[in-house]
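I opened the model to go through its contacts and its open spaces. The entries follow in the order I looked things up.

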Amino acid sequence: MAVEIKYVVVRKGEEKMTFATKKEADAHDKLLDMADAFTEWLLQSGIQMDETQAEDLGLYFAEHKEAVQHILRTSKLPDLNAETVTDQTE
């Protein structure tokens, strides 16, 4: 019999994902926290969108935080080729 340790990310009582390492689970949990913050910010902005759209955008911003940070720092789009290379090395 084998014993496996799994790390489960739970949000609002719902299992979101299961990971083999605590580090991966913590990183995903942090991503979801960031997405929640973006979602709340978007909903409070007064821009006309429903909650699903805000959640989708919030998650997109969180998943692409490096690009968002680059745009905020430089007011320019990041080099998409460089981002693809970075994604493949992670």
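Entry 1, pocket. Before reading off a volume I noted the term: a pocket is an open set of points on a 1 Å grid, with protein on both sides within 12 Å along at least five of seven lines. The volume is the space filled by probe spheres set on the points. The coordinates are those of a predicted model. I looked up the second largest pocket and got a volume of about 440 Å³. Its lining has 16 residues, and K12, K16, L32, D36 and E55 are the closest to its centre. I then asked which elements give two or more residues to this lining. They are strand 2, helix 1 and helix 2. Helix 1 gives the most, with seven residues. By class, I found nine charged, five nonpolar and two polar residues in the lining.

Entry 2, hairpin. K12 was on the pocket list, and I checked its backbone next. K12 belongs to the hairpin of strand 1 and strand 2, which has two residues between the strands, and takes a positive phi near 55°. Strand 1 covers residues 7–11 and strand 2 covers residues 14–19. The two strands run antiparallel and are joined by five bridges. I looked up R11 and found E14 in strand 2 as its bridge partner.

Entry 3, salt bridges. I searched the whole structure and found six salt bridges. How far apart are the closest N and O atoms of R11 and D29? The value is 2.8 Å. R11 lies in strand 1 and D29 in helix 1, so this salt bridge ties together parts that are 18 residues apart in sequence. R11 also forms a salt bridge with D33, where the closest N and O atoms are 2.7 Å apart. D33 lies in helix 1 and R11 in strand 1, so that pair ties together parts 22 residues apart in sequence.

I then read the accessibilities. Is R11 buried or exposed? R11 counts as buried because its relative accessibility is 15%, and the cut-off for buried is under 20%. D29 is partly exposed at 27%, and D33 is partly exposed at 40%. I traced the links further and found R11, D29, D33 and D36 in a network of salt bridges. D36 had already come up among the residues closest to the pocket centre.

I also looked up a salt bridge within helix 1. D26 and K22 have their closest N and O atoms 2.9 Å apart. They are separated by about one helical turn, because they are four residues apart in helix 1. D26 is partly exposed at 40% relative accessible area, and K22 is partly exposed at 48%.

Entry 4, aromatic rings. A search of the whole structure gave two aromatic pairs. For F38 and F61, I noted ring centres 5.4 Å apart and planes at 65°. Why does this pair count as edge-to-face? The planes are at 65°, and an angle over 60 degrees counts as edge-to-face. The pair links distant parts of the chain, with F38 in helix 1 (residues 22–44) and F61 in helix 2 (residues 51–63), 23 residues apart.

F38 is buried, with a relative accessible area of 18%. F61 counts as partly exposed at 22%. Last, I checked for a cluster and found that F38, W41 and F61 form one aromatic cluster.

How values were computed
Residues numbered from 1 in each chain as written. Predicted model: local features only at pLDDT ≥ 70, side-chain atom pairs only at ≥ 80, totals over all residues. Heavy atoms only, no water. Pairing = 2+ DSSP bridges. Phe/Tyr/Trp six-rings, centres within 6.5 Å; stacked < 30°, edge-to-face > 60°. Buried < 20%, exposed > 50% of the residue type's maximum accessible area, 1.4 Å probe, protein only. Salt bridge = Lys/Arg side-chain N within 4 Å of Asp/Glu carboxyl O. 1 Å grid on protein atoms, 1.4 Å probe; cavity = no way out; pocket = protein on both sides within 12 Å on 5 of 7 lines; lining within 4 Å. Nonpolar A, V, L, I, M, F, W, Y, C, P; charged D, E, K, R; others polar.
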